[in-house]
Amino acid sequence: VDRMLSAGVRVALGTDSRASNPDLNVWKEVQHLLHHRPDLDPLQVLQMATISGADAMNQRLLGRIERGCRPGLGIVRSGAACLDEAYADLSTNEFSPLRPNP
């Protein structure tokens with residue numbers, strides 16, 4: 001991953017088998033990477049699972065917060081007092097998707 005990122009390759013994070021993730025949950029993939037690769041920038045990891053993942057699947061309306069897009073927003077609970085603590089919470093706390101109002 002380091003070599004690809006340093007070479008400017010857009011890395012997409014996802015799951016298509018149960019080999020690394022028994023429930024095919026992309027958030028669990030994010031957490032695994034955050035937990036096991038603390039050297040990676042957490043913002044890059046989130047981008048791998050959102051914008052880069054959507055772009056890899058040619059889904060420009062997903063993965064970004066922009067007018068006309070469907071970002072798939074959610075909540076990760078945190079009591080963090082600083083950004084580093086918030087990143088630590090991302091690696092351990094559950095993601096709860098927000099449901100759009102009908």
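**Exercise 1. Determine which residues of helix α5 are buried and what covers them.**

Step 1. In helix α5 (residues 83–92), the buried residues are Tyr87, Asp89, Leu90 and Ser91. Buried means under 20% relative accessible area, exposed means over 50%, and partly exposed lies in between (1.4 Å probe, protein chains only). Helices (H or I, at least four residues) and strands (E, at least two) are DSSP runs, numbered from the N terminus.

Step 2. The model is predicted: local features need pLDDT of at least 70, side-chain atom pairs count only at pLDDT 80 or more, and totals for chains, interfaces and linings use all residues. Residues are numbered from 1 along each chain as its sequence is written, and side-chain values use heavy atoms, with hydrogens and water left out.

Step 3. The cover over the buried residues of α5 includes α2 (26–36), α3 (42–49) and β1. Contact means heavy atoms within 4.5 Å.

**Exercise 2. Describe the surroundings of aspartate 89.**

Step 1. Aspartate 89 belongs to helix α5.

Step 2. Aspartate 89 is buried yet has no salt bridge. A salt bridge requires a side-chain nitrogen of Lys or Arg within 4 Å of a carboxyl oxygen of Asp or Glu.

Step 3. The nearest side chain of opposite charge to aspartate 89 is arginine 77, 11 Å away. Lys and Arg count as positive and Asp and Glu as negative, while His and the chain ends are not counted.

Step 4. When neighbours within four places in sequence are left aside, aspartate 89 is in contact with Val76, Arg77, Ser78, Gly79 and Ala80.

**Exercise 3. Analyse the salt bridges of arginine 37 and lysine 28.**

Step 1. Side chains of opposite charge can pair when their charged atoms come close. The count of salt bridges comes to 6.

Step 2. Arginine 37 and aspartate 2 form a salt bridge at 2.7 Å, N to O. Arginine 37 is in the loop between α2 and α3 and aspartate 2 is in helix α1 (residues 2–6), so the pair ties together parts that are 35 residues apart in sequence. Arginine 37 is partly exposed at 23% relative accessibility, as is aspartate 2, with a relative accessible area of 40%.

Step 3. Glutamate 94 and lysine 28 form a salt bridge, with their closest N and O atoms 2.8 Å apart. This pair links distant parts of the chain, 66 residues apart: glutamate 94 in the loop between α5 and β2 (95–97), and lysine 28 in helix α2. Glutamate 94 is partly exposed because its relative accessibility is 46%; lysine 28, at 29%, is also partly exposed.

Step 4. Aspartate 39 also forms a salt bridge with arginine 37, the closest N and O atoms being 2.7 Å apart. Salt bridges that share partners join Arg10, Asp55, Arg60 and Arg64 into one network.

**Exercise 4. Characterise the overall fold of the protein chain.**

Step 1. The protein chain has 5 helices and 2 strands, and their pattern along the sequence is α-α-α-α-β-α-β.

Step 2. For 102 residues, a compact globule would have a radius of gyration near 13 Å, and the 14 Å of the protein chain agrees with this. The radius is taken over C-alpha atoms, and the globule rule is 2.2 Å times the number of residues to the power 0.38.

Step 3. The C-alpha trace spans about 40 × 35 × 30 Å along its principal axes. Of the 102 residues, 24% are buried.
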